[in-house]
Amino acid sequence: MADIAISYSHLDTELAHQVRNELLAAGHTVWIDETGDFGADADGIAVPFGADHWQVIEAEFAAADLVVVIDTARWWASPNCAREFDTLTSWGKWVEFHRPGITDVVTLAAPLASRRHITGAHARLIQRMESTGPHSPGLVERWFRRADADDARTILGPDAATAGITVGERLGVVAERAIDNANRVRRRVLRSATVLTAVLAVCAVVGLIALSVAVRQRDSATRSANTSMSLNTASQARDQDDTSQALALAQRAADFAPTVAATSALNVANANNERLQSFSIAHREYVGAQWAADAPIIVAYTRTGIYQIDARSGREIASIGLRERSITSIAVSRTGERVVLGDGVFLLVADFVGGRVEEVTGNVNFVATADGEHVWVAASAEWPQLRRTAFRDVANPIGGTTYRLPTVAKALAIDESRRVVDYLDGRGNLHSARFTETEFVDSGAHELVPPAEVDVDERGAMISRCGENVFGVTPKRGLSDTSFARIGGRVTTEDVPFFIYPPICNPDGTAWGTYVSGPSGRAFGGGPTPYLPWGVNRYVPVVDTVGARTAVVTPDGWLYVMPGERIEVREIDDATALIALPTTEFAIRRDGSVVDTATGVVTGHVGSEALSPLALTIGGVAVIGTDHGIVRIDERGSASLVAAVDRHEVASVRAGSDSKTFVAAGGRTVRLLGVDGSVRAIEMSWLDSRYQVADADISPDGRSLVVSTTGGQVAVVDLNAHASVRFWAQQLPVGSTPSVAYVARTGAIFMVGADGIVRLLGPELDVRATAFVGDQVRQAELFGDRAVVTSSRNGITVFDTGSLVVTDAIPAKVTSVMAFTVQGNQLIGISVGTDGEEVTSSRRIRIPLP
């Protein structure tokens, strides 16, 4: 527990962080109810993500010697801050009001050292007063506890008032009782001293009881310490980027105590580890990397070394140093023990077992493998040639089979099962050939770059075969390269920024690649690209010659491995909104046209630009708001206007919990839109004219609405008797826009307020559970037993709607999802980039959920 706790409005977070840093610099320990960077160190224990917010705050305030209030208008306007202050006042805590820019908080806290003996006694008695369960002292324990009596005498003494504390009625009763108990014990012991045998007997009993009390105290202290360690370790797990470390910390938190925070941290760590394993590795200027065909081994190389890495843990298994040179190609054996390298001139053979590198021959242009059993070496000795040999025989210059080529091969892609070789020559042409053990039949050249634009001195051609398709990049003169795709025998080309890594195959026969810098991948053949975390300056993809395993290494010291279902991004041309129906997806363009994303066929028109980047869906029907009103789109992509309303009358649209009604809220009206196109408008006549409806949902039985307003109210309206309105007892700040929705399975109300707290309300609008988000929410939607919440700082958080335990969390740095929906076990989102009136990028994002 900390010396000082801070009470502040979450709208003053930056001020609170400044105050915290000033107090830490002065040598104090400080607690602040904020998640994020400040939750990672022992001096500032954050409210664990997903934990019961108020219980943590109450415990920390009770234990602190001093509570500092950030005295701003926002603090005075906050209902939660008022609740905190009422609690502090009832306890009589020492509270200092800090007015930023006027008072010096370090000066306010300066008397702490001289007052600690009083404020500490006061804090201990408050904790004793508020403790319950195994922490409550029993009768025997109170008899032999003189510490409580000493604390009581301290806070009731004449010096207490000078320490800034007060003793209220409840605490006064606790203090007086502690003193009375101590005096009573003393009198009894004195009376008992008259008889020696009785004293000895009492002493024996006392010894047994004292032992029992000590055991109880020890167990209680152990439970308390384990709970504290569980909360702290869970917070550290959430802040850990290395997923193996995050898993270890989360499991450790759960081992300390089965807290909600530990359960949430373990859920999140497992989910993120299944999507994207992140391992911290050595910082090196990696140039390229390749998987071993039959082992979870990655071989990465720089200009001065080769490194064997375990893809399951990020552990470096072995390394071999090189004389500095520019490696241009690599072939890794099946087990990853032997590596063949080409630098455009020499053939190098490296063995990790013996730690040796052998320079075998010269005039080598490129090396490649498709199965980890055979190596292909493109050379230009007396004539252009290809040599196919086993890895074990590669050092033998006359081993294997040699094929003569019509021109020099600068890059190779091999398919041993199809007996096909694709290669790029030094003249800007693509070749394909079939081979046997004795023959090599070249089908001819396809020009990719005009002869006048070919850069004959430039190395860096790349080619990959993905099933029946071939993708690659060939250099040319000027400030760009030429990428190409051969799909179904048709070759297309496009000028692209400089590439230095080969395309990586996707399971569907498309491919992706990375540019020289930045996380934005390039799709080949219209396929998806995997998500690559932001914040890294260069991504080196790991080539998989036998499948579609996905991994990248970075010079910043990270290995990212996608072991199963991965986060994928797919480009959508000129889309401002997405309609994700169960069997078909449509996009809405800026001009309002509805387009089938699979075929590119225009199927309808919504009349104007969509107001939201994602349509809400029930079964095969979707609705979306536009400038002209609310539009319904059916499973064929046909659009029709169902409610002609001004755009300012549409504050929110959601798929109702009854699974047959869309609910549109705005102005003073809630509109119920049936999947059949029917519309029912319900006026909120009880609403103050200063406020508007912010959000609404229909109950699972269709009998009532839950409505939130810009006045901070949450109400339940009986659809059979509109005058029957029940209000939540609390009220959020005016101007906030709480999100509300029914849980379809239970009928409970899920609510997220501007105060960053998620609440689950029962039928009587009583709070059944709470969890802490710590940021203003952008979108909150319910899908079965999942509640999905997004915010700018925390990204995407998934809660269990029955317990509010966090089951998954995708950090904000993963993806800039603007809006989302859930289909089965995947989240579908869209991100749209614009420059003025022009759409610069539209991306569909798929995130697998546990």
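**Exercise 1.** Identify the bridge partner of Val 69 in E4, then place the two strands in their sheet.

*Solution.* In E4, Val 69 has Phe 97 as its bridge partner. Strand E3 (residues 66–70) and E4 run parallel and are joined by 4 bridges. Strands pair if DSSP finds at least two bridges between them; strands (E, at least two residues) and helices (H or I, at least four) are DSSP runs numbered from the N terminus. The open sheet has 4 strands in the order E2-E1-E3-E4, with parallel pairing. Its edge strands, each pairing on one side only, are E2 (30–32) and E4 (95–98). From one strand to the next the twist averages 25°, with axes as lines fitted to C-alpha atoms and angles from 0 to 180 degrees between N-to-C directions.

The model is predicted: local features need pLDDT of at least 70 and side-chain atom pairs count only at pLDDT 80 or more, while totals for chains, interfaces and linings use all residues. Residues are numbered from 1 along each chain as its sequence is written, and side-chain values use heavy atoms, with hydrogens and water left out.

**Exercise 2.** Describe the largest nonpolar core and list the contacts of Phe 61.

*Solution.* A nonpolar core is a set of buried Ala, Val, Leu, Ile, Met, Phe, Trp, Tyr and Cys residues joined through side-chain atoms within 4.5 Å; buried means under 20% relative accessible area, exposed over 50%, partly exposed in between (1.4 Å probe, protein chains only). The largest core has 46 residues, and those with the most contacts inside it are Ile 4, Leu 23, Trp 31, Phe 61, Trp 91, Leu 125 and Ile 155. Helix H6 (residues 112–130) supplies the largest share of this core, 6 residues. Beyond its neighbours within four places in sequence, Phe 61 is in contact (heavy atoms within 4.5 Å) with residues including Ala 5, Ile 6, Trp 31, Val 67, Leu 88 and Trp 91. Apart from this core lies another, of 28 residues, among them Ala 378 and Tyr 423.

**Exercise 3.** Is Ser 432 buried or exposed, and which side chains make polar contacts with its side chain?

*Solution.* Ser 432 lies in strand E20 (residues 429–435). Its relative accessibility is 11%, so Ser 432 counts as buried. The side chain of Ser 432 makes a polar contact of 2.6 Å with that of Asp 422, and one of 2.6 Å with that of Arg 486. A polar contact is a pair of N or O atoms within 3.5 Å; within protein, one must be able to donate a hydrogen and the other to accept it, and residues adjacent in sequence count only if both atoms are side-chain atoms.
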